[in-house]
Amino acid sequence: MSSIYNNNQDSKSLFTTENIILASIGWGVLALLYFLLFSAKVPASPDCIAKLGAKALETNCLRRADWYVLGTNVFEALAYLAASILCFRNWRSQQIVSGRKVWLAIGIGMLSYFLGGIFFGYTEIVLQEEPFPSLGDVFFVITYLLLGVGMALAVASRRLNLETSQWIIVLAIGAFGSALAWLISNQPQAAVEAQYPPGLELVASALNWFYVISDVLLLIIATTLLLAFWGGRVSLSWRMIAAATFSLYIADMWYKYATNSIPNYQSGEILEVFWVWSGVLFGMGAVLEYDASLNRSRRERVRKRT
């Protein structure tokens with residue numbers, strides 16, 4: 001009986017805040033090493049080189065191995081799946097400080113990103129087709145909408161009292177993010193444009209602008225959250241959320257630049273590791289908020305007893 005009790009205690013201890021944070025950091029480091037060590041392109045096949053000539057070796061016949069691209073999808077998918085589970089844990093908690101609706105929205109957003117990544121990877125690796133636009137974009141759009149809702153609810157739950165210098169920082173980051181997104185979106189396209197079926201070209205253009213505008217808006221909200229929660233009881237968790245949003249912005253801007261500028265761009269470049277880190281940081285933010293909320297609840301109970 002005592003051994004069973006001890007085993008239960010051990011199983012519970014695996015999911016302490018410290019262990020989850022360590023596992024998250026480890027996942028982020030492993031992802032970085034994976035991208036650094038295995039992202040090199042290799043010749044696709046001798047037939048390809050023979051058919052297209054030596055020049056093709058520098059362009060069309062160099063590709064990343066499918067197992068590597070699959071691995072990047074696995075790193076990304078598990079990061080967002082874990083983040084969604086941790087966000088849903090916050091949603092179920094009655095003591096959560098920032099509000100259950102906040103974490104419900106972010107949790108569904110993380111789950112949608114996980115599903116979108118699955119469809120994206122399936123289209124690119126299994127079907128060997130252009131992954132944008134695809135069914136995965138439906139889930140990515142849901143993610144951006146719900147992330148915006150969740151973070152806006154978090155901002156609304158606080159009485160914003162930013163100083164003038166802080167508003168200047170928000171405006172400066174918003175202006176920088178908008179300018180960079182505009183420059184990347186309007187750069188001359190050196191890459192071969194994807195040939196979309198009739199009707200999908202308009203959808204692709206609309207999605208492109210939706211992602212750009214959403215990234216900038218999330219960047220502004222994240223900066224506001226970072227400054228609003230700075231120094232508060234749950235400041236560390238929202239710093240993680242802000243860092244996650246910045247990571248998402250960097251990865252999205254890179255992908256936008258790469259698909260416009262690099263002919264036959266294939267997923268897996270090093271800067272795409274920011275997508276993995278974004279999922280990891282959202283999860284870490286959820287864990288730290290859960291821990292801070294439990295500690296606050298314990299302190300209140302102790303105060304009432306005394």
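The following legends describe close-up views of a predicted model.

**Figure 1. Packing of helix 2 against helix 4 in the predicted model.**
Helix 2 spans residues 17-38 and helix 4 spans residues 66-92. Their axes come within 10 Å and cross at roughly 160°. Angles over 145 degrees count as roughly antiparallel, and helix 2 is therefore roughly antiparallel to helix 4. The crossing of helix 2 past helix 4 is left-handed. On the side of helix 2, the contact involves I20, W27, L30, A31, Y34, F35 and F38. Helix 4 contributes W67, Y68, G71, T72, V74, F75, L78, A79, L86 and R89. By class, this contact of helix 2 with helix 4 comprises 14 nonpolar residues, two polar residues and one charged residue.

**Figure 2. The second largest pocket and its lining.**
The volume of the second largest pocket is about 320 Å³. Its lining consists of 16 residues, and those nearest the pocket centre are I20, A23, S24, A82 and L86. Helix 2, helix 4 and helix 10 (273-305) are the elements that each give two or more residues to this lining. Helix 4 gives the most, with seven residues. Twelve of the lining residues are nonpolar, three are polar and one is charged. Two residues of this view also belong to the helix pair of Figure 1: I20 of helix 2 and L86 of helix 4 are part of the contact between those helices, and both are listed among the residues nearest the centre of the pocket.

**Figure 3. The largest cavity and the residues that line it.**
The structure holds one cavity of 30 Å³ or more. The largest cavity encloses about 30 Å³ of space. Its lining is formed by R63, D66, V69, E124, I125, Q128 and Q266. The elements that give two or more residues to this lining are helix 4 and helix 5 (100-126). By class, the lining of the largest cavity has two nonpolar, two polar and three charged residues.

**Figure 4. Backbone features of the loop between helix 5 and helix 6.**
Helix 6 comprises residues 135-156, and the loop between helix 5 and helix 6 holds P133. The peptide bond from F132 to P133 is cis, and its omega is near -5°. Q128 lies in the loop between helix 5 and helix 6. The phi of Q128 is near 55°, which is a positive value in a residue other than glycine. Q128 is also one of the residues that line the largest cavity, shown in Figure 3.

**Figure 5. Packing of helix 7 against helix 9.**
The view shows helix 7 (residues 164-185) and helix 9 (residues 235-261), whose axes come within 9 Å and cross at roughly 20°. Angles under 35 degrees count as roughly parallel, and helix 7 is therefore roughly parallel to helix 9. Helix 7 passes helix 9 with a left-handed crossing. From helix 7, the residues in contact are F176, G177, L180, A181, I184 and S185. Their partners in helix 9 are Y249, M253, K256, Y257 and N260. The residues of this contact of helix 7 with helix 9 comprise seven nonpolar, three polar and one charged.

**Figure 6. Packing of helix 8 against helix 9.**
Helix 8 covers residues 200-228, and its axis comes within 9 Å of the axis of helix 9, at a crossing angle of roughly 155°. This angle makes helix 8 roughly antiparallel to helix 9. Helix 8 passes helix 9 in a crossing that is left-handed. Helix 8 takes part in the contact through N208, V212, D215, L218, L219, A222, T223, L225 and L226. Helix 9 takes part through W238, R239, A242, T245, F246, L248, Y249, D252, M253 and K256. The class composition of the contact of helix 8 with helix 9 is twelve nonpolar, three polar and four charged residues. Y249, M253 and K256 of helix 9 meet helix 8, and these residues of helix 9 also meet helix 7 in the view of Figure 5.

Definitions and conventions: Residues numbered from 1 in each chain as written. Predicted model: local features only at pLDDT ≥ 70, side-chain atom pairs only at ≥ 80, totals over all residues. Heavy atoms only, no water. Axes fitted to C-alpha atoms, helices over the stretch in contact; angles between N-to-C directions. Helix = DSSP H or I, 4+ residues; strand = E, 2+ residues; numbered from the N terminus. Parallel < 35°, antiparallel > 145°, perpendicular 65-115°, else oblique. Left-handed = near helix turned anticlockwise from the far one by under 90°. Contact = heavy atoms within 4.5 Å. Nonpolar A, V, L, I, M, F, W, Y, C, P; charged D, E, K, R; others polar. 1 Å grid on protein atoms, 1.4 Å probe; cavity = no way out; pocket = protein on both sides within 12 Å on 5 of 7 lines; lining within 4 Å. Points joined across faces, edges and corners; volume = space filled by probe spheres on them.
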